[in-house]
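Subject: Structure handover

Hello,

I am passing this structure on to you. Please open it first, then read the notes below.

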There are 2 protein chains.
Amino acid sequence: MQRFEYFSDQDVQKIHAATLQVLETVGVDFGYQPAVDVFKKAGCKVDGKRVFFSPEMVMDQVAKAPSEYTLQARNPERNVTIGGDHIAYIPCYGPPFVHDLDRGRRESTMEDYTNFVKLAFASRSMDITGGMMAEPNDIPHARRNAEMIYASMRYSDKPFMGGAIGAEAARETIEMAAILFGCSEAALAEKMPMISILCTLTPLAYDDRMLGAIMEYARAGMPQLISSLSIAGATTPVTMEGTLVVQNAEVLAGIVLTQLVREGTPVVFSGSSSAAAMRYGTLSVGAPEMAVNTAATAQLARFYGIPSRGGGAITDSKLPDAQAGMESMMSQLMATLSGIHFVLHSAGILEGYMAASYEKFIIDDEICGMCKRIKRGETADPAKLALDVIAQVGPGGEYLTNMHTFQNFRQEFYAPIMEQKEAYAGWKEKGGESIEKAANRKWKEILDKYEEPAMPDDSLRELEKYMEKKYGN
Amino acid sequence: MQRFEYFSDQDVQKIHAATLQVLETVGVDFGYQPAVDVFKKAGCKVDGKRVFFSPEMVMDQVAKAPSEYTLQARNPERNVTIGGDHIAYIPCYGPPFVHDLDRGRRESTMEDYTNFVKLAFASRSMDITGGMMAEPNDIPHARRNAEMIYASMRYSDKPFMGGAIGAEAARETIEMAAILFGCSEAALAEKMPMISILCTLTPLAYDDRMLGAIMEYARAGMPQLISSLSIAGATTPVTMEGTLVVQNAEVLAGIVLTQLVREGTPVVFSGSSSAAAMRYGTLSVGAPEMAVNTAATAQLARFYGIPSRGGGAITDSKLPDAQAGMESMMSQLMATLSGIHFVLHSAGILEGYMAASYEKFIIDDEICGMCKRIKRGETADPAKLALDVIAQVGPGGEYLTNMHTFQNFRQEFYAPIMEQKEAYAGWKEKGGESIEKAANRKWKEILDKYEEPAMPDDSLRELEKYMEKKYGN
């Protein structure tokens, strides 16, 4: 498959030039003195917490970030390459509520988080485990990060996402990862088993907690998303281009910081900006402007030679209904076609990041599988053109019972997770269920069949000891 | 917006070369002697009903079809250009059943057809009225075409779709259009107020009814879609490339016929092939392979310089649920990004063409609006980059109350048909309805507010007289 380029090269250049002008003349606020000190030392003009960047300095530092790198899972078959022609799907992130067909909407718990780890582990399409897939509201604040990291490590053998709220959460995640791999922190920088998301404070600012985590992870050589979620018309200009300039300035400023802290820190250029729902002044992630931003983010990141994050199975809907389906597919397909490398919120998210849905997790997993099939691409080689088969069958013939069909359909066709393809009569006879109901059966079936992936007993015990020492029983 | 190209140019060339080989060595069956006679006269090798084409002849004839043309509506503001950078959305076509939230699934009637004409007329995104949006099962077979054409002409002032089942339906549609415009059939060929869809009999064949209509419309200079709906693994090879070769051969053979009948007949290169659902041996229009075929169809048609048709808001789902939403968006977005010009089934279709849904009509209309917003594109000019506004607001400011936002949000942002963007609490308070329920309210509201567009009384009377004379009261 070739890549989709929404903007022309000239337009990308113009957005880039405008971004450099903003970084040089408007500047970015860094609400954390250690970060300001880093910029000062590097020769930036500084005025209080406001930092101004010369175009040369920005381009020099951004060029130091790698264009491709691999996250090593504890099961090496699950390693994930970020960049190049790869795409990685990662589940929902951050919702304080959870939703399912049986119990409706409620505050999420540690049990929900663990369930989502298991669903992400079992998924064909999820490459990386969360990452706060549902906030464990029943766990005291102080130990939430450790509990989530432990569950991500134990119940899945894929790479995972680290804690992001402050330098301490970053430190804790790094220490736990070193225990998991039984290695030094220096050796961990070679493995990079996790990646974290650090966010700007739009417009054109960063707060102390995010900067603390950015610097902590950068010092340890851990990969991180430098992420801007702007709301066009609320926190950035109402135009897509103006929003892209602000998003771009924020992300580049953050990437410069990572490279100044540790040259070569792996980063992801992360943009998830969208339009405001003007009637409410709130974010609309299901707006078509979100898809435009996703395509542009992929292009800008390519321009800088850095892996990109954007899109996701995101929706403003409060239910896993047709709105959720169409909005989720819009952003997920756009991310896939545009060459986005890292797609956060690829499964389960509802209500513009406020709730995680069990049924939508399965429905979105189907969307990801379909998008992966499209991205796999096609090559018109003689075997695929099948001229001999066409000549053999001839006009008026059929291919259903042809050996060529039998031998090839498994590799040619996408195999759905939920089989909802039969005609009306058969479907009705079996109960006539919506995909939401089919998904409800499916997630329960997956959790029923779940088996914990093997892990050295002493790693588990060491992790538990670490948590006990820190937080008690 | 730039266009998406799924296949490489070399792959398009290879599919083209393979197609010419099939047309020359395998041939196509034409089950209608007048068509075979046309080919014989043009110098084709003929064996019974099988016709073989030389590559030169195919390319010579295909080059005669126009790359762009305009359908004239009875309201000139509704004229629709087919080709170039334009995209036209057209509602569902052909379903014998209808579906709504209040009454469930049932056989469709003339009242349903008329309702869909009114919904298509009222839609911001539908450019052309159907076209058998729901089969009028309560009308005797003989007069169904006339009744539908009459309703399309009376209740909407947009271009419409003509009857396609046999030469007689084509003739009748042409005669009624000449009455509507009060002009000769020769003058009608300048206006082209309608377009029709004529289908192949896959693999590599055409039947008498379709050929009769193709030749009738071509003689009158009326635009038509030459359309192949192949089922990969059932009626064409299981590979996408093999399916594209057969689809391409069928469509090109039909286009050659139109040009031999009347040079310059406006056509649309129409491909709606998809994968088989192997477990049932039936068509799966919601498969990701459908999106691949749509993208390839756009590319092949561009290669031949002919407007393309593909995609649509199509789904295998039996309900307007999340499956319907995601599958419909997949195909509609792919058609939009790939540069498809004519998107049939853009609103209302369910169950892989078997049912028309009132609620889905509205939901799909939203999908079309979103896709049009994406396609509108963006230009990074100084006004859109908004550097002055960014400098004025600065780091930490807000744009919601900024005059720039107020002055521009209406042109920058897509305005949803159904407002489902607010946060959970407000949504819940108002009843917490799914988009299906919102759509149910919406279509009733549109039908309630519907007003018949003005039309000269004598045209109406003349049309009624024509039908009375032919079919009685």
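A definition to start with: two strands pair if DSSP finds at least two bridges between them. Please also keep in mind that this is a predicted model.

**A small sheet in chain A**

With that definition, look at β13(A) and β15 (274-277) of chain A. They pair in the parallel sense, over two bridges. One residue pair to find is Ile231(A) and Ser274(A): Ser274(A), in β15(A), is the bridge partner of Ile231(A).

These strands belong to an open sheet of three, in the order β13-β15-β16 of chain A. The pairing in this sheet is mixed. β13 (231-232) and β16 (282-284) of chain A are the edge strands. Each has a single partner strand, so one side of each is left without a neighbour in the sheet.

**How the two chains relate**

Chain B superposes on chain A after a rotation of 180°, with 0.0 Å of shift along the axis. The RMSD is 0.1 Å. That is the relation of a two-fold axis. The same surface serves both copies: 100% of the contact residues of chain B recur in chain A.

**Domains of chain A**

Chain A has a domain 1, made of 68-233 and 262-376, and a domain 2, 382-412. Their C-alpha centres lie 42 Å apart.

**The largest pocket**

How much space lies in the largest pocket? About 1200 Å³. The lining counts 47 residues, and Tyr93(A), Met132(A), Ala164(A), Ile165(A) and Met210(A) are the closest to the centre. By type, the lining residues divide into 24 nonpolar, 15 polar and eight charged.

Which element gives the largest share of this lining? That is α5(A), with six residues. Elements of chain A that give two or more residues include α6 (166-181), β10 (194-199), α8 (208-219), β12 (224-228) and α18 (457-471).

**The second largest pocket**

The second largest pocket has a volume of about 1000 Å³. It is lined by 40 residues. Nearest its centre are Tyr93(B), Met132(B), Ala164(B), Ile165(B) and Met210(B). The lining residues divide into 20 nonpolar, twelve polar and eight charged.

Here the largest share, six residues, comes from α5(B). Among the elements of chain B that supply at least two residues are α6 (166-181), β10 (194-199), α8 (208-219) and α18 (457-471).

Best wishes

Note on methods:
Residues numbered from 1 in each chain as written. Chains lettered and ligands numbered in written order. Predicted model: local features only at pLDDT ≥ 70, side-chain atom pairs only at ≥ 80, totals over all residues. Heavy atoms only, no water. Least-squares fit on C-alpha atoms with pLDDT ≥ 70 in both. Contact = heavy atoms within 4.5 Å. Domains from an automatic or database assignment. 1 Å grid on protein atoms, 1.4 Å probe; cavity = no way out; pocket = protein on both sides within 12 Å on 5 of 7 lines; lining within 4 Å. Points joined across faces, edges and corners; volume = space filled by probe spheres on them. Helix = DSSP H or I, 4+ residues; strand = E, 2+ residues; numbered from the N terminus. Nonpolar A, V, L, I, M, F, W, Y, C, P; charged D, E, K, R; others polar.
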